[in-house]
Amino acid sequence: MTDTPHLGGLSGRTAIVTGAAQGLGAEIARALHADGASIVVADLDADGAARTAQELGDRTVAVAVDVRERAAFETMLATALDTFGALHIVVNNAARTVPRPFFEIDADEWDDVLAVNLRSVLFGCQVLGGHLRDAGQGGRIVNLGSMAGQIGGLVAGAHYAASKAGIGVVTKIAAAALAPYGVTVNTVAPAAIAGPAMDAMDPAAVQAAVARIPVGRAGQPQEVAGVVAWLCSDDAASVTGATYDVNGGLFMR
Amino acid sequence: MSVALVTGAAQGVGRAIARRLHADGHVVVLADDAADANAAAAADLGERAEGITVDLRDAPAAEGLVAGVIERHGGLDVLVNNSAMAAQTELWDLSVVEWDDVLNASLRATFLLSRAAGAHMRERGFGRIVNLASLAAQAPRAGAAHDAAANAGIVALTRVFAAELAPHGVTINAIASGVTDTSTARAAAPEEIASLAAFLISDRAGFITGATYDVNGGALMR
């Protein structure tokens, strides 16, 4: 089987990836970096962000930010422009995955999950999307949704699922607003991906969840990163406002 | 070496997919009923390419196509169902003959080829099928009822085959492309759709099955 990553296809481009200290975000940063992009590795965890940047090597810069605040996106933009001279790609990946039973979600946790997961995507599309629009060179925004936002969560709480559903619709509105400027905005909606969120689960629950996946295994972060990387490529110029599912056949739509 | 069969490969998107998969190193079998154009498309690729003239409205010929590829090339790893017929006739003028022709050329051919190839891939524990569908499946407009029904059927078939074959290392996905007439959306170049097809058959896409990936310039956001 031949595999054909777009090695070098993103050379000269700069990407911001939020939540890139670990897990899926780190894999997305790795995939875009392998394709040639320079990466702004953004995370609340300063040490983790620095570690990812160091692992990837040159063409990287780490920045510690709290995506709940609009100012974080001004900081990321300034970092991208100061370090690499331009911005082309934004991956809004930062999220809190909280497996909370429905009747136990309180207002503070609801607000915080929505702020981290959804308000951050609004700011990302406004601040960074606004820059891409004004820069006039087109661009790519990929937002990480989830199957939880389509049919409810397997493990994550209502706040997580609602935030991911919200990302789906913010993507479409931002896509329409940015389409005339050659900036595409899409959602990638994974489910059942191995990583920190799954590691934190009870092993028996993981086993039961995996047994329900049609392809018979959990997905790997690299498999999500591959779709994100394709959507960031030049070949994806005609894809906008779309949701690309990566769920092992759990939900076919 | 990986073997790929692409239907409707004489021109347009099918030809671009054949060219891309060939460039990626696959043996590519190009199938089309336009004999001269298909032979030219295959000759254009040179080595590792074979052109087969076949009318996929003919059910035994469609099933025989898969069997022949497996026999001549030792197996089939990738199937791209792209065969279709131009279908512009208005609902009120549509004859039964044309309805059958369009449904047989696209939907039934996709079914027959997927079943024949899927059985082979299931035995081998690996395979990739990509079905080309259109926006007409998701956002039907007044007019070509046969085209809309055929494409909607292809999306449904994609899910049924995906459910059947998921435990066996075989993934099946659809690409739904197109723009509406009134939209300002940008139409995808055949090479862009070929790039997505190449991704979906790659090793990186093993966790994607039963999905429909839209390429419509924002004409339908769903």
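This is a short guided tour of the model, going from the sheet of chain B to one of its strands, then a helix, and then two cysteines of chain A.

The model is predicted, so local features need pLDDT of at least 70 and side-chain atom pairs count only at pLDDT 80 or more, while totals for chains, interfaces and linings use all residues. Residues are numbered from 1 along each chain as its sequence is written, chains are lettered from A in the order in which they are written, and side-chain values use heavy atoms, leaving out hydrogens and water.

**The sheet.** Select the strands of chain B (strands are DSSP runs of E of at least two residues, helices runs of H or I of at least four, both numbered from the N terminus). You will find an open sheet of 7 strands with parallel pairing, in the order β3-β2-β1-β4-β5-β6-β7, where two strands pair if DSSP finds at least two bridges between them. β3 (49-53) and β7 of chain B stand at the edges with a single partner strand each, so one side of each has no neighbour in the sheet.

**Strand β6.** Now select residues 170-177 of chain B, which form β6(B). Are the residues of this strand buried or exposed? Here 8 of the 8 are buried, so the strand is largely enclosed by the rest of the structure; buried means under 20% relative accessible area, with a 1.4 Å probe and protein chains only. In a regular strand the side chains alternate between the two faces of the sheet. On one side of β6(B) look for Val170(B), Ile172(B), Ala174(B) and Ala176(B), and on the other for Thr171(B), Asn173(B), Ile175(B) and Ser177(B).

Next add β5(B), residues 127-134, which pairs with β6(B) in the parallel sense over 8 bridges, with Gly127(B) opposite Val170(B). Then add β7(B), residues 212-215, which pairs with β6(B) over 4 bridges, also in the parallel sense; there Thr212(B) is the bridge partner of Ala174(B).

**Helix α5.** Select residues 145-165 of chain B, the helix α5(B). Its buried residues include Ile154(B), Leu157(B) and Phe161(B), and what covers the buried residues of α5(B) includes β5, β6 and β7 of chain B (contact means heavy atoms within 4.5 Å).

**Two cysteines.** Finally, turn to chain A and select Cys125(A), which is buried with a relative accessible area of 9%, and Cys232(A), which is buried at 1%. Over all chains the count is 0 disulfides, a disulfide being a pair of cysteine sulfur atoms within 2.5 Å. For Cys125(A), the nearest cysteine sulfur is that of Cys232(A), 13 Å away.

Technical notes: Buried < 20%, exposed > 50% of the residue type's maximum accessible area, 1.4 Å probe, protein only. Right-handed = clockwise from strand over helix to strand, strands pointing away.
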